[in-house]
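Let us walk through a structure together, with an eye on its charged pairs, one of its strands and one of its helices. Please keep the viewer open as you read.

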Amino acid sequence: MANSLLDTLTRKALFALDPEFAHGMAVKALKTGLVPACKPKTAPALAVKLWDLDFPNPLGMAAGFDKNAEVPDELLRMGFGAAEVGTITPLAQPGNPKPRMFRLVEDDAVINRLGFNNKGHAAARANLTARKTKQGIIGVNVGANKDSTDRTEDYVKGIKAFADVASYFTVNISSPNTPGLRDLQARDALDDLLDRVLEERDRQTGMVGRRVPVLLKIAPDLDELGLDDICSVVLTRGIDGMVVSNTTLDRPAHLHSQAQLKEAGGLSGAPLFAKSTIALAKTRERVGPDLPLVGVGGVQDAGTALEKIRAGAHLVQLYTGWIFGGVTMIPTMLAGMAEELNASGSKTLDAIRGETTSDWASQPLASPDKSI
Ligand SMILES: Cc1cc2nc3c(=O)[nH]c(=O)nc-3n(C[C@H](O)[C@H](O)[C@H](O)COP(=O)(O)O)c2cc1C
């Protein structure tokens with residue numbers, strides 16, 4: 001079946017369903033092999049080497065699609081260069097009451113307030129240790145239980161639980177859907193969190209024989225001083241990289257899907273692109289040219305992916321764009337990126353990184369539109 005027809009049919013079928021139910025169906029379809037693999041042709045110009053990991057391409061699946069690490073290999077078979085699973089909390093938790101995920105079809109966007117619904121460390125660990133192949137890059141995104149009395153300890157437990165099966169870790173302190181979680185972005189709380197997380201990672205290094213990189217995922221809803229604090233703690237503590245960004249609480253005035261706009265939760269997809277790219281560029285200016293950054297938010301085609309790299313990213317992730325773009329989208333994006341790089345005369349991703357950092361960084365972080 002032609003790729004575009006497959007995408008149109010899958011999209012039509014899935015979009016007729018409740019978004020969270022459709023998501024469950026998509027995970028099931030991947031799991032049972034109903035979706036044919038669509039591995040891209042390798043494009044050497046798009047390969048990225050970071051922290052001793054060889055990413056075949058810079059496009060990763062962002063956290064939230066595969067919360068329980070059920071289909072990481074299937075995602076890699078869809079062409080992603082990496083799959084980030086989670087967010088995983090120590091104990092299973094149901095998340096917020098349903099409905100809690102909303103499609104903004106006219107805006108290529110989603111609002112979610114899932115609230116870290118997941119089956120906990122043990123279930124995800126069982127899935128990851130049962131993988132037939134240990135090939136491919138699997139990031140493990142760790143979080144804290146809503147009712148935890150020591151949230152920092154929950155992150156430490158995550159490092160302990162997954163150090164031998166994670167290619168890298170993402171410490172997620174930026175979900176807007178767990179009350180108080182974003183408070184961990186404040187300077188002193190963050191310093192303590194990263195101190196304890198890195199101490200555990202270093203302890204695990206001896207045991208697993210490999211230093212697993214730890215990345216910090218931040219919100220786009222920060223002011224300049226908040227971002228100053230985070231970047232300064234990141235640099236002092238020696239974190240290995242940052243993921244910029246999570247979803248936003250903003251509701252930009254130009255959105256069309258009025259019916260869904262009143263829903264509480266984090267907004268992702270196309271309307272997040274500018275805000276998350278400004279946050280990315282401002283982060284790049286603060287941390288210097290070398291710290292690996294992952295650009296996430298509103299990526300939906302080759303152009304937006306390359307723009308994240310021009311703004312300062314080493315790697316790119318997407319989730320919402322894939323919901324709207326369809327399962328065959330990644331190879332198409334990669335071909336477009338290789339073509340565009342070639343046409344621009346810049347032969348490598350390294351050559352374009354930073355080209356637009358100062359343009360993006362000169363724009364204000366705070367959105368003039370309303371937040372909820
Ligand atoms: C339904 C949904 C669930 C998500 N769950 C998580 C999560 O558990 N942990 C996390 O770090 N980010 C989560 N995210 C945020 C994404 O990883 C990503 O940072 C954000 O959606 C911006 O990228 P996008 O515009 O490509 O979707 C979720 C996003 C969506 C849409």
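What follows is a short tour that begins with salt bridges and then turns to a strand and a helix.

**Salt bridges**

Please bear in mind that this is a predicted model. Side chains of opposite charge can pair when their charged atoms come close. The structure holds 28 salt bridges, and the table lists three among them.

| Acidic residue | Basic residue | Closest N and O atoms |
|---|---|---|
| Asp 150 | Arg 196 | 3.4 Å |
| Asp 240 | Arg 201 | 2.9 Å |
| Asp 228 | Arg 286 | 2.6 Å |

Where do Asp 150 and Arg 196 lie along the chain? The salt bridge between Asp 150 and Arg 196 ties together parts that are 46 residues apart in sequence, because Asp 150 lies in the loop between strand 7 (138-142) and helix 5 (151-162), while Arg 196 belongs to helix 6 (residues 187-208). Asp 150 is partly exposed, with a relative accessible area of 32%, and Arg 196 is partly exposed too, at 24%.

In the second pair, Asp 240 forms a salt bridge with Arg 201. This pair links distant parts of the chain, 39 residues apart: Asp 240 is in the loop between helix 7 (224-237) and strand 10 (241-244), and Arg 201 is in helix 6. Is this pair buried or exposed? Asp 240 counts as buried at 9% relative accessibility, and Arg 201 is buried with a relative accessible area of 4%.

The third pair joins Asp 228 to Arg 286 by a salt bridge. Here too distant parts of the chain are linked, with Asp 228 in helix 7 and Arg 286 in helix 9 (residues 273-287), 58 residues apart. Asp 228 is partly exposed, with a relative accessible area of 32%, and Arg 286 counts as partly exposed at 24% relative accessibility. Elsewhere, salt bridges with shared partners join Asp 150, Glu 153, Asp 192 and Arg 196 into one network.

**Strand 4 and its neighbours**

How many residues of strand 4 (residues 82-88) are buried? Seven of its seven residues are, and the strand is mostly covered. Strand 4 pairs in the parallel sense with strand 3 (residues 59-61) over two bridges, and Gly 60 stands opposite Ala 82 in strand 4. Between these strands the chain passes through helix 3 (residues 72-77), making a right-handed β-α-β crossover. Strand 4 also runs parallel to strand 7, joined to it by five bridges. There, Ile 88 stands opposite Val 142 in strand 7.

**Helix 7**

Now back to the helix that carries Asp 228. Helix 7 has 14 residues and reaches 20 Å from its first C-alpha to its last, close to the 20 Å expected at 1.5 Å a residue. Which of its residues are buried? They are Gly 226, Leu 227, Ile 230, Cys 231, Val 233 and Val 234. Seen down the axis of helix 7, the buried residues fall within an arc of 160°, so they line one face of the helix. A general point fits here: an α-helix has 3.6 residues a turn, so residues three or four places apart point the same way.

The buried residues of helix 7 pack against helix 6, strand 9 (214-218), strand 10 and helix 9. The face turned away from that buried side carries the exposed residues Leu 225 and Thr 236. Just after helix 7, Gly 238 takes a positive phi of about 80°.

Note on methods: Residues numbered from 1 in each chain as written. Predicted model: local features only at pLDDT ≥ 70, side-chain atom pairs only at ≥ 80, totals over all residues. Heavy atoms only, no water. Salt bridge = Lys/Arg side-chain N within 4 Å of Asp/Glu carboxyl O. Helix = DSSP H or I, 4+ residues; strand = E, 2+ residues; numbered from the N terminus. Buried < 20%, exposed > 50% of the residue type's maximum accessible area, 1.4 Å probe, protein only. Pairing = 2+ DSSP bridges. Right-handed = clockwise from strand over helix to strand, strands pointing away. Expected span 1.5 Å × (residues − 1). Arc of directions from axis to C-beta. Contact = heavy atoms within 4.5 Å.
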